Amino acid sequence: MKLTRDLIQRLPKTDLHCHLDGSMRLKTILALAEEHKIRLPTDNEDDLRKMIVMKEGCTSLVDYLRAFDVTLLVLQTDEALERAAFELAEDAAQENVRYLEVRFAPILHTNSLLPFEKIFESVISGLMRAEKRYRIKTGLLVCGMRNFAGGQSHMARKLQQRLYTFDDPELSRLLAIQTAKVTTKLSQKYPTIVGFDLAGPEEGYPAKDFYQAFQEIINGHLSITVHAGEAYGPESIEQAVKYCHAHRIGHGTRLIEARDDSKLRTLYRYFKDKRIPLEICLTSNYQTGSVKAIKDHPVGRFLEDKLRCTICTDNRLCSETTMTDEYMTLIQNFPISPEDLYKLIIYGFESTFLPYEEKEKILVEVEPVLAKELLGKKL
């Protein structure tokens, strides 16, 4: 069987690692800027695309993250957040993504003085509107930020002014704790909130420093994923599991370094034995310099070693990608059989942070379709 783009497009899929502020429509950014009289670096669509879309890659993860300085300019009102969330889910639904987990850091959306809870509710409202219109289920992952957001966040600046004896790392930890507490509280009201994440630059901001924030999430019985092993080594991944109790790992690219390391080999084995999913983002890993070329990505070895991987977009706009694109990139660079693809897509559905009953319901719906399309089994 030939794994064609048309086939991948119509297959039911998941996307478990997708950032709201990195997955907007370019025209929406321009429209929101015009509507709210926000000054962008440029109002020319082609020039704006060159600033935001990292088609040719960039020098580092930090360089890649600068694109968000632009998108965050327009994501500061309840209407903008609701619209961006709806359009993201709509775009995903149109390529048959049946389950989408959207992640965002509410602290970065406080510049219009929206109540913190309202920021959550606006995103949830957009996702719910999409669910009513399309055949898609969504979940919301809330991010704490590793680095202090004083330059991007009104709330962070106010905190800095009042707690002037605290340094930036201490303030980052306080903001993460606050975000975790609100996440836990609102999850009781909004089941769409399925988990918590730690995002931002890894180097210099170890996951273990955010232990207290994750204790709040654990006490609230929410699921946990952590950005780790993207721009820093396997030690970052180990901290995510050891101190943050991660159920999944965002990226995890550099876990491969533990495979043949005498001291860290057991970490690699731990991921295989415990079936901890790795949220693989091929295009963005190349663009941020995590790998020199797609063919060098360790996903091939992860799959050979039977680690649980799930394919994701990361940032649909910044990386100019879709789930269909990501699967095609995988197929074009690695020896993927229909059986391999079947397992990968099933891994995605098995790795969601949905409640068990909802996860089982979707699996019952999609598994026969995948078995028919990829394994030739009759419905």
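What volume does the largest pocket have? In this predicted model, the largest pocket has a volume of about 490 Å³. The tour starts there and then proceeds through the sheet to a buried glutamate.

**The largest pocket**

Select Leu65, Phe68, Met145, Gly200 and Pro201: of the 27 residues that line the largest pocket, these are the closest to its centre. Next, colour α4 (61-65), α5 (68-74) and β3, the elements that each give two or more residues to this lining. The largest share, four residues, is contributed by α4.

**The largest cavity**

Switch now from open space to enclosed space. The model holds two cavities of 30 Å³ or more, and the largest cavity has a volume of about 60 Å³. To display its wall, select Ile107, Cys143, Gly144, Met145, Asn147, Phe148, Ala149, Ser172, Leu175, Ala176 and Thr179. Two elements, β3 and α9, give two or more residues to this lining. Helix α9 supplies the largest share, with four residues. Met145 merits a label, since this residue appears in the lining of the largest cavity and also among the residues closest to the centre of the largest pocket.

**Strand β3 and its partner β2**

Keep β3 selected and display its surroundings. The strand is mostly covered, with eight of its nine residues buried. Strand β2 runs parallel to β3, and six bridges join the two. To locate one of these pairs, select tyrosine 99 together with lysine 137, its bridge partner in β3.

**The whole sheet**

Widen the view to the eight strands, which form an open sheet with parallel pairing, in the order β1-β2-β3-β4-β5-β6-β7-β8. Strands β1 (13-19) and β8 (309-311) stand at the edges; each has a single partner strand, so one side of each lacks a neighbour in the sheet. From one strand to the next, the twist averages 25°.

Helices can now be added to the display. Helix α9 (residues 168-187) packs on the sheet and touches β3 (137-145) and β4 (193-199); its direction makes about 170° with that of β4. Helix α15 (residues 323-333) also packs on the sheet, touching β1, β2 (97-104) and β8. The direction of α15 makes about 105° with that of β1.

**Strands β6 and β7**

Move along the sheet to β6 (residues 248-251), which pairs with β7 in the parallel sense over two bridges. Select isoleucine 249 and leucine 278 to see one bridge pair, the latter residue lying in β7.

**Glutamate 279**

The final selection is glutamate 279, in strand β7 (residues 278-280). Is this residue buried or exposed? Glutamate 279 counts as buried because its relative accessibility is 0%, whereas the cut-off for buried is under 20%.

Which side chains make polar contacts with glutamate 279? Arginine 103 is one partner, with a side-chain contact of 3.1 Å. Arginine 248 is another, its side chain joined to that of glutamate 279 by a polar contact of 2.7 Å. Draw both distances in the viewer, then show the wider surroundings. Leaving aside neighbours within four places in sequence, glutamate 279 is in contact with Leu16, His17, Arg103, Thr225, Arg248, Ile249, Gly250, His251, Thr310 and Cys312. Ile249, listed among these contacts, is the residue whose bridge partner in β7 is leucine 278.

Conventions: Residues are numbered from 1 along each chain as its sequence is written. This is a predicted model: local features need pLDDT of at least 70, side-chain atom pairs count only at pLDDT 80 or more; totals for chains, interfaces and linings use all residues. Side-chain values use heavy atoms; hydrogens and water are left out. Buried means under 20% relative accessible area, exposed over 50%, partly exposed in between (1.4 Å probe, protein chains only). A polar contact is a pair of N or O atoms within 3.5 Å; within protein, one must be able to donate a hydrogen and the other to accept it, and residues adjacent in sequence count only if both atoms are side-chain atoms. Contact means heavy atoms within 4.5 Å. Two strands pair if DSSP finds at least two bridges between them. Axes are lines fitted to C-alpha atoms, for helices over the stretch in contact, and angles run from 0 to 180 degrees between N-to-C directions. On a 1 Å grid over the protein atoms alone, a cavity is a set of points where a 1.4 Å probe fits but cannot get out, and a pocket is an open set with protein on both sides within 12 Å along at least five of seven lines; lining residues have an atom within 4 Å of a point. Grid points are joined across faces, edges and corners, and a volume is the space filled by probe spheres set on the points.
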